[in-house]
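Trainee: I would like a close look at one part of this model, and then at what lies around it. Please take it step by step.

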Amino acid sequence: MTELVQNPALDVTSDSARKDHPMWSSRMAFILAASGSAVGLGNIWKFPYITGENGGGAFVLVYLLCIALIGIPIMIAEVMIGRRGGRSPINSMRHLTQRDGLSNRWVWIGGMGMLASILILSFYSVIGGWALTYIGNSANGLFVGASTEAIGTMFGNLLADPYTLLLWHSVFMLLVIMIVARGLSSGMEKAINILMPLLFVLLLVMVGYAMSTNSFAEGFTFLFQPDFSKLTTAGVLTALGHAFFTLSLGMGVMMAYGSYLPKQVSIVKTAVTVSVVDTVVALLAGLAIFPLVFANGLEAGAGPGLIFQTLPIAFGQMSGGVLFGSLFFILLVVAAITSAISLLEPLVEWFEEQKGISRLSGTLIGGISIWALGILTILSLNVWADVHPLGMFERFAGKTFFDLFDYATANLIMPLVGLATALFVGWFMSKPAAENEFDMGNGLAYNSFMFVIRFITPAAVLVVFIYNLI
């Protein structure tokens, strides 16, 4: 990865390379963009079902603690690196190591983070395509009165059809490419200013509808009343892992977004705000979903099928299900797009730093390459369902390309990048640089941050990493 940036036109030892580097127009623009990156399928799709699987309130409490001890410190660290370096993740790490006389081996942090974002977007786009498909299914009334078996068959038929999956994967990636190609202010910022308020409105509408059901109190109690007898060691580690992954950490995204952050904006306050927004959205999603699940006598711990198989049953049985089912899947698509544009950005920013590659060209090269990679995920769900590339190894027996991409990013690359980022900022980044970027002085707040990023966060991430490998 360290060899990716051998561009003589880019002098990473000076600040002249970023003289035309764009900036977010305001602190709020960065908050909306970073929140949009963090608020994705993980909040609307994954958080509710893993909460259901792990007993509700006690899991949520542990999750909030993990956000504070892992999520926020690593987000601060990644944004610090991005703003200090002022470039793509790879070149920011190269710039910082050369400026401080450190080993260039640290550059792999940026490279591996970008690799994670590429792999994730390749299958994330396919799942985004599922959500696009379900908008039409709901709007056409296909869920109305449908049995559990019929809903399951509908989802199974979708996964078995590579042509339909390819169509909606292509539509989703085209939307993402169109937004990113327009640049920071005209593309991403403008889209985020529309999509994020829309996401909140749709989510509040869904919560409002959930409040009208007789099961809202049951859903609220399930989500917020801790019952530690239902919490297992595996549940604690799941909370630890999800707190890390939900904030788009370990993928180079926050480094890329941080490189556009003006110097006068407080990284600490902004990172805390983004984390709070992300957590509030996850909790609102739970408040929107669990009352509907309980009102229709369905299972809260239904697993990954909660959104695409369990909820359509609820929408098909309730009054106004066509409207609210459609709104819900529009919400899911909006959340997916805000995350997807952030996953493409680190690669596009790196392309822009190469001589002769424009924003449009970089977006097309990166976007089309990731789209092509996504075809492996599509085929893994049907035609190549029995193809297991690393099946000769016991650990990877039965894993398709899709499974391998998911496993490699969630269990290997992202934890390693997060761990290395914490160690780099905590132990190797120059103290004056760290104090300057921390922007809250070098008193109690700074010392507390350094203690957490040096000891608590690495230990917690290491526990998750080892657990995932066992």
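Trainee: Which helix gives the most residues to the lining of the largest cavity, and how many does that helix give?

Mentor: The model is a predicted one, and what follows should be read with that in mind. The helix you ask about is H10, which gives four residues to the lining of the largest cavity, the most of any element. Helix H10 covers residues 233–245.

Now the cavity itself. The structure holds one cavity of 30 Å³ or more, and the volume of the largest cavity is about 40 Å³. Its lining consists of Ile-70, Leu-240, Gly-241, Phe-244, Phe-245, Pro-415, Val-461 and Val-464. Besides H10, helix H18 is an element that gives two or more residues to this lining.

Helix H18 leads on to the surface. Spanning residues 444–469, H18 gives three residues to a nonpolar patch, and that is the most from any element. The patch is formed by Leu-65, Leu-69, Trp-427, Phe-428, Phe-451, Phe-455 and Ile-456, and together these residues have about 660 Å² of accessible area. Helix H3 (57–85) and helix H16 (401–428) each supply at least two residues of the patch, as does H18. One member of the patch, Phe-455, is placed in helix H18. Phe-455 has a relative accessibility of 41%, and therefore counts as partly exposed, since that class lies between 20% and 50%.

Helix H16 leads in turn to an open feature, the largest pocket. H16 provides eight residues of the pocket lining, the largest share. The volume of this pocket is about 1100 Å³. Its lining is made up of 44 residues, and those nearest the centre of the pocket are Trp-45, Lys-46, Tyr-49, Asp-406 and Ala-410.

For a residue at the other end of the accessibility scale from an exposed one, take Glu-345. Glu-345 is placed in helix H14, which runs over residues 321–352. Its relative accessibility is 0%, so Glu-345 counts as buried; the cut-off for that class is under 20%. If neighbours within four places in sequence are left aside, the residues in contact with Glu-345 are Val-180, Met-188, Tyr-257, Tyr-260 and Arg-359.

To return to your question: H10 is the main contributor to the lining of the largest cavity, with four residues. H18 gives two or more residues to that lining and also gives the most to the nonpolar patch.

Methods
Residues numbered from 1 in each chain as written. Predicted model: local features only at pLDDT ≥ 70, side-chain atom pairs only at ≥ 80, totals over all residues. Heavy atoms only, no water. Patch = residues over 30% accessible without salt bridge, like charges linked within 9 Å, V, L, I, M, F, W, Y side chains within 5 Å. Areas by Shrake-Rupley, 256 points an atom, 1.4 Å probe, with all protein chains shown as cover. Salt bridge = Lys/Arg side-chain N within 4 Å of Asp/Glu carboxyl O. Buried < 20%, exposed > 50% of the residue type's maximum accessible area, 1.4 Å probe, protein only. Contact = heavy atoms within 4.5 Å. 1 Å grid on protein atoms, 1.4 Å probe; cavity = no way out; pocket = protein on both sides within 12 Å on 5 of 7 lines; lining within 4 Å. Points joined across faces, edges and corners; volume = space filled by probe spheres on them.
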